[in-house]
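Subject: Structure handover

Dear colleague,

Please find below the structure that I am passing on to you. My notes on the findings follow directly after it.

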Amino acid sequence: MKQGKPLITLVILILAATVAIYFAAYIYNALDDPYRTTQVYAYTSYDSVTVEGLVVREARVLPAQPGILEITRAEGEKVGTGQEIALVYRDSQAQANQVQIEEMEMEIELLEYAIDQGGDLDSAARLDEDILQAVVGLRASYALGDCTQLRDQVMNVKSSVLKRGYTYGEGLTPADLTARLRQLKEELTVLTRQSARATTRVTAPEPGVFSSLVDGYESLLTPDTVLQLTPSALQELIDNPAGEESGALGKLLTSNTWYFAANLPKQSAERLTEGKTATLRFSGELNREVEMTVEQIGPTEQNKTLVVFSSSRYLILTTLLRCQTVELIFDRWSGLRIPKQALHLEEVTRTDDKTGEPVSVQILAVYALVNGHAELREVEIVHEGEDYYVVRSVGTGPKVLRAEDTIITEATGLRDGLRLEG
């Protein structure tokens, strides 16, 4: 045991020396650096509360049919009564026949266009422009990651290129084009008759917005039932997702109004008024602030109040939304953010507007660092945070505080015009 004591003593001395060196370096740096600065930036502070809830819509589920399903509508696309939503093929051959029918219909359209054209230079220039615009549109959608119209855009490019080739690049006579057109129409008639017996068109039973997502909430949550929920019932629905329905090909959203139901802290719900508007910031597909109507302030359980909001905007952007974490914004303050230690109460001399005499007044200000000098910039407080202020500039001209200005947060003997040595 005695042999271990010198080793312990040595370790303690080394630790003590390390701490002493650290504090010595800190004191030296503080004395060597006469001031500290930070950058001002534009900032918005919010009085808000984050809540979790469910998006509710009036929906009609479309039952699936046996066979090979091909959805022909994009997510969020509006459809009218009787318009096609999907095709159901009896087998893979029927699906292949449908692809061939579409290609033949497009070729017939191109041939008819080529026959009608006189072959003048203006027509050729228009076709070249069509090809360019079709490619630009396809490229833009790819860059944005928007594939909702991808199939149509690819067909548009193909159509424009083939139209140019048929009209000016194939060396075909008008008689050749007419003969080819007649042949295609005859083949199309036969193929369409064969395909009709093996293909079923699914049409919209009523107008609406199409969505391919059927998550099981459609029968559990409707605009009527959501107004009858309790906070515990809503929480149960949030905690236990219904699960996607395999026996459906999609659904139609049949009302322009959608709802968001959430459990708010009782104190937050008391700040709302039924019939008034509230601002909710959504993420995900919607990803924006939405002004919604406070549809109903419902019952309270265990300091939680169920509140239902409604809106008739952005319906097509909500088709894939269900469980959402949303920020309910009560107020906001925009301005310039500064650390609290950068704000000073200063006494300055100004001319009295009535008497014309110089008078001393107190102002709130910060010191900006400009070309090695401290410059006084008057401000007023917009909002106070835990360790910062949101302020706005007072006055006009070059000596006002702006975003990206450098301000002094720590220094001794600060005054307007002081030369600071770095």
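I begin with W258, which has a relative accessible area of 0% and is therefore buried. Please bear in mind that the model is a predicted one. The partner of W258 is F282: the two ring centres are 5.7 Å apart and the planes meet at 70 degrees, so the pair is classed as edge-to-face. Since W258 belongs to strand 8 and F282 to the loop between strand 9 and strand 10, the pair ties together parts that are 24 residues apart in sequence. F282 is likewise buried, its relative accessible area being 3%.

F282 also leads to the nonpolar interior. The largest nonpolar core has 24 residues, and those touching the most other members are F260, L280, F282 and F309. At least two residues of this core come from each of strand 2 (41–63), strand 8 (248–265), strand 9 (277–281), strand 10 (289–301), strand 11 (304–311) and strand 12 (323–339). The greatest contribution, five residues, is that of strand 8. There is also a second, separate core of 13 residues, with L221, L229, L234 and A261 among them. As general background, nonpolar side chains in soluble globular proteins tend to be buried together.

I turn next to the aromatic pairs, of which the structure holds four. In one of them, Y41 and Y43 have ring centres 6.2 Å apart and planes at 85 degrees, so this pair is edge-to-face. Y41 has 40% relative accessibility and therefore counts as partly exposed. Y43, at 25%, counts as partly exposed because buried residues must fall under 20%. Ring pairs join Y41 and Y43 with Y388 in a cluster.

Which rings of this cluster have the charged end of R337 over them? One is the ring of Y43, whose centre is 4.8 Å from that charged end. The other is the ring of Y388, where the distance to the centre is 3.8 Å.

Finally, some values for the chain as a whole. The protein chain contains seven helices and 17 strands. Of its 422 residues, 35% are buried. Where contacts join residues at least 6 apart in sequence, 74% of them link residues at least 24 apart. The chain exposes about 24700 Å², and 51% of this area is supplied by carbon and sulfur atoms.

With kind regards

Terms used
Residues numbered from 1 in each chain as written. Predicted model: local features only at pLDDT ≥ 70, side-chain atom pairs only at ≥ 80, totals over all residues. Heavy atoms only, no water. Helix = DSSP H or I, 4+ residues; strand = E, 2+ residues; numbered from the N terminus. Buried < 20%, exposed > 50% of the residue type's maximum accessible area, 1.4 Å probe, protein only. Contact = heavy atoms within 4.5 Å. Areas by Shrake-Rupley, 256 points an atom, 1.4 Å probe, with all protein chains shown as cover. Core = buried A, V, L, I, M, F, W, Y, C linked by side-chain atoms within 4.5 Å. Phe/Tyr/Trp six-rings, centres within 6.5 Å; stacked < 30°, edge-to-face > 60°. Lys NZ or Arg CZ within 6 Å of the ring centre and 35° of its normal.
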